[in-house]
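Here are some worked exercises to try with the model open beside you. Take each task on your own before reading its solution.

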Amino acid sequence: VSGRRLPQGGLVDRAGPVTFGFDGREYEGLEGDTLASALLANGVVGGFRSPILGRPRGVMSAGPEESNAFVEITEPWFDAIAPATMVRLVEGLTARPVAGVGRLPDAAPEPPRSVHRHVHVDTLVIGGGLSGIGRAWSAAGAGERVMLVDERAAFGGTSMGLDDEVNMGGPSVREYVDRALGDLRASPDAIVLSEAAALGIYDAGYVLIHERSQPVERLWHVRTQRVVLATGALERPIAFADNDRPGVMLSGAIHHYVDRFAVVPGERAVILSANNRGWAAAVALAGADVPVTLVDPLRPADSTPGPDGVDVLAGWTVVGTMGEARLEAVVVSDGTNLRTLPADLLGVCGGWNPSLQLYRAIGGTLRWDETHSAFLPGGGAPAWLEVVGRAGGSSWSPMTAPGPPLLFVPGDDLSRHFVDLQRDQTVADVAAAVDAGLRSVEHVKRATYIGTAVDQGRTSGALTSEIVNHLLGSDPGAQGPSNPRPPWTPVPFHVVAGPYRGPLFDPVRVTPIHAWHAAHGARFENVGQWRRPWFYPRDGEDLDAAVARECLAVRTACGIQDASTLGKIAVVGPGAAVFLDRMYSNAMSTLKPGRIRYGFMLGMDGMVFDDGVAMREAEDRYLITTTTGGAARVLDHLEEWLQTEWPDLRVYLTSVTEQWATAAVAGPRAREVLRAAGTDVDVSQDAFPFMAFRDGTVAGVPARLARISFSGELAFEVWTSGTDGLRVWEALTEAGAAFGLTPYGTETMHVLRAEKGYVIVGQDTDGTVTPYDLGMAWIVSESKSDFVGRRSLRRADLQRPDRKHLVGLLPNDPDELLPEGVQLVVEPRGAPPVPMVGYVTSSYRSAALERTFALAMMKGGSERHGETVFAPIGDRPVAATVTVPIFYDPEGAKRDG
Amino acid sequence: VLLIPCPWCGPRDEVEFRYGGQAGIAYPTDPDALSDAEWADYLFMRDNPKGAFAERWNHTHGCRRWFDAVRDTVTHEFRAADPIGRQALREDR
């Protein structure tokens, strides 16, 4: 066993053991451990593998910069990949090593839970070391709303020992942290979170924080007046031959394990330190009776002796390591002599760099500081962000170096001098990239993938950029590490999704009649957020059979469809008529009260934007309908024009979609159905013309009847209040049974309207289609002085005769169903590229026509009726004849029943 | 995520708003008098300055009002926000 728990010290609770499993074996740790510290206490440093080369690896850090020790957690929660250094040990924790790439289980054990929380604070402090705690404590004392977060389970940072004095003669770190956190946690205006990593800082003090709480993880959305970055500094490793062997660690990690967890990660240690701070690890190990040799390459050979219990090899350096699954010896050299030092632990300190990834991602720059041999904040971040403590370059005196930074130990072979452990990239790989002509660190990163693994180059970033500077002969710090981007630490997708999954992902809207549809076996389809009946299969019918039956019922008897989802907007006020004249391409001011008109709204570019009808209820009141999916869009469009261009018009717009329920009764026997259901409205042709509406009762309930047809048949829409919708629907279906009244869905509606050549905006149009392209010049008013889209329609390009026009298509084989979206060509066997002349927008089997048919947009199509075109389906050109886009009852004889 | 000062509701998250592009592009008094090129210029061409930019926002998931605001396109800082048509904004630009 190499590594053990000290009898006293640290922040661990020795009350009882915590049992955990790792790689199939059971171990014991203590409350307060991380998985990594518990493993080290059991003498386990390795068991990990590098992702690409498969080299044995071990724990190399004590924090989020870990590059080797990744685990999959299976109990008591699931995590595909997490650094063992950041996993808090809990009873029953079960984990196994993963080589840098996590994988999701075939069957999810249980959907992981997560919530989002939104808070507003005055000051958010990121980093719970001494600087951060101090800032949070004083802000709370000044009455501010404060939030203090740290990504580790324990506060107090990493830079000082628990028993060190915070200031000369002041309290110990342990006492200071306890007192400050006690005050903060007692304050109702302070939020203190551990295991909570700030993922990114965004505009106007918006910060995302991932709290790894279990069993429910949290994503905090914080809006703060001030951000205090107290993220400390990360240690920079040194590259030398076989510097990746298990047992090689950052020196600060060794200090942290001894001090905070009372764990010595080895029995015989060497520290390679090119920075004064490396001595702290040597002292800590010596204090735990571990024999230590401190190799200090930057000091002259005859410099002062080291602290008690530490052998100092000044002027020597590490040139290699030996061992199998674990470090067994360290090879050192003074330039002439070689020595082999037995050791199972090698601490490395190449220097330090402030942890400024979050700072840079919100616009902060880096400045090379020669005194510190480090990149300090260089300005450019927003004024509400402040960097304090080591991250800001203060309290830096123990971390200076006696000479220029040591990046890598020179040698003939640099191919095992690892720079990025997780990408298995070495000094030789960086040199190859530079030799290939790459000069920018960003390019070297993309050529080598350094910094792109799970650890995001926390230890390799500054090392790589310094090696590049060195290889190019530039000054140290000429280029800094490549640009970091959020998130700072990996965040599971389920946390990003939070509770907004399944039914909470997007609202599901159903009509008041929905329960009836479900009870009658409807198959539903999604239209925007709405669930609409698609078809009503009977006796095992498939879609085609059900739709054929429903279509025939409407054409020969009658059918009923739930049309409640159509968007409805009340347009009210003395300016309503003028306003709608400006918004529709046709005139709405000439509509008489009690009458209905179909209209197009165009975009400013002249393209069809939406369609629907307008009912004029009074001189100053209209009720307009929109497509089901377009309701919100149309209301926004109307509001924009009303508010920004014509604020002088006195008009109010109100969405009333859900105030109404609408049942469309269509077919030659529609009048009989209404009379049987009971209505006080005279539905005869003489009393009730097409495109008129009447208010009265149906089945004893206040209702509006509107003669609108989207099928070409005699049809009445029955509008009632939403609450009466189901009752009236049931009355109609019961009364209609005697007349063959058949419920039909959206698929039948699509077939029926296509047989009549009625377009669906968004299916037959795509935002590049004008009313003229659809052959609907009649819907564009020539007499109105102006309307939205009018000037664009006069652009030369929209007058071109070879624009695509709406046409009908009859496949020469009446059983051939053209796929919607298929391209049309004239010469299917022509030499490529074969010009495409159009595409199919709608295609169905028609029960009435006893054949297939389609609608298409086709270049110059209005002049090409009768021609043959081909739809290439795979290798097979399918011939079809171009026709007028109307297939059923072209003279409109069915409309009045 | 921007913090947008709605002149009616106060500062609110960006997710509550819809962007409306450059402010102060008046609808031409006589569109027919414009050439196709002039019309296209009105319809499609917008400024893209580095720095102060007057733009339109709609508080879609709030009061549903449109307003003009001046935003610094470099810092994303809002310098002013005013109901549509207020002179103050035009002068602050």
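A salt bridge here needs a side-chain nitrogen of Lys or Arg within 4 Å of a carboxyl oxygen of Asp or Glu, and a residue is called buried when its relative accessible area is under 20%. Keep in mind that this is a predicted model.

**Exercise 1. A buried acid**

Task: Find the nearest side chain of opposite charge to A:Glu235, and work out what the side chain of A:Glu235 meets in a polar contact.

Solution:
- Step 1. Locate the residue: A:Glu235 sits in strand β15 of chain A, which covers residues 233-235.
- Step 2. Look for a partner of opposite charge. The nearest such side chain is that of A:Arg277, 7.2 Å away. Given the cut-off of 4 Å, A:Glu235 is left buried and without a salt bridge.
- Step 3. Turn to polar atoms. The side chain of A:Ser251 makes a polar contact with that of A:Glu235 at 2.5 Å, and the backbone nitrogen of A:Gly252 is 2.7 Å from a polar atom of the A:Glu235 side chain.
- Step 4. Fill in the surroundings. Beyond four places in sequence, the residues in contact with A:Glu235 include A:Leu250, A:Ala253, A:Val348, A:Trp352 and A:Thr459.

**Exercise 2. The two sides of a helix**

Task: Check the length of helix α3 of chain A (residues 173-186), then decide where its buried residues lie around the axis.

Solution:
- Step 1. At 1.5 Å a residue, the 14 residues of the helix should span 20 Å; the end C-alpha atoms are 20 Å apart, so the two agree.
- Step 2. List the buried residues of α3(A): A:Val173, A:Tyr176, A:Val177, A:Ala180, A:Leu181 and A:Leu184.
- Step 3. These residues cover an arc of only 115° around the axis, which means that they are on the same side of α3(A). The spacing helps here: an α-helix has 3.6 residues a turn, so residues three or four places apart point the same way.
- Step 4. Now view the other side of α3(A), where A:Asp178 and A:Ala186 are exposed.
- Step 5. Ask what covers the buried residues: α2 (130-141), β10 (146-149), β11 (190-193) and α4 (251-261) of chain A are among the elements that do.

**Exercise 3. Charged pairs across the sequence**

Task: For A:Asp33 with A:Arg5, and for A:Asp244 with A:Arg57, state which parts of chain A each salt bridge ties together.

Solution:
- Step 1. The closest N and O atoms of A:Asp33 and A:Arg5 are 2.5 Å apart, in a salt bridge. A:Asp33 is in the loop between β3 (25-31) and α1 (35-41), while A:Arg5 is in strand β1 (residues 4-5), so the pair joins parts 28 residues apart in sequence. A:Asp33 is buried, at 1% relative accessible area.
- Step 2. A:Asp244 and A:Arg57 form a salt bridge at 3.0 Å, N to O. The loop between β15 and β16 (248-250) holds A:Asp244 and strand β5 (residues 56-57) holds A:Arg57, so this pair ties together parts 187 residues apart in sequence.
- Step 3. Check burial: A:Asp244 has 4% relative accessibility and counts as buried, and A:Arg57 is buried at 0%.
- Step 4. Widen the view. A:Asp244 and A:Arg57 belong to a network of salt bridges whose members also include A:Arg55, A:Asp242 and A:Arg416.

**Exercise 4. Reading chain B**

Task: Which pattern of helices and strands does chain B follow?

Solution:
- Step 1. Count the elements: chain B has 2 helices and 6 strands.
- Step 2. Read along the sequence to get β-β-β-α-β-β-β-α.
- Step 3. Add burial: of the 93 residues in chain B, 39% are buried.

Terms used. Residues numbered from 1 in each chain as written. Chains lettered and ligands numbered in written order. Predicted model: local features only at pLDDT ≥ 70, side-chain atom pairs only at ≥ 80, totals over all residues. Heavy atoms only, no water. Helix = DSSP H or I, 4+ residues; strand = E, 2+ residues; numbered from the N terminus. Buried < 20%, exposed > 50% of the residue type's maximum accessible area, 1.4 Å probe, protein only. Lys, Arg positive; Asp, Glu negative; His and termini not counted. Polar contact = N/O pair within 3.5 Å; in protein donor to acceptor, adjacent residues only side chain to side chain. Contact = heavy atoms within 4.5 Å. Expected span 1.5 Å × (residues − 1). Arc of directions from axis to C-beta.
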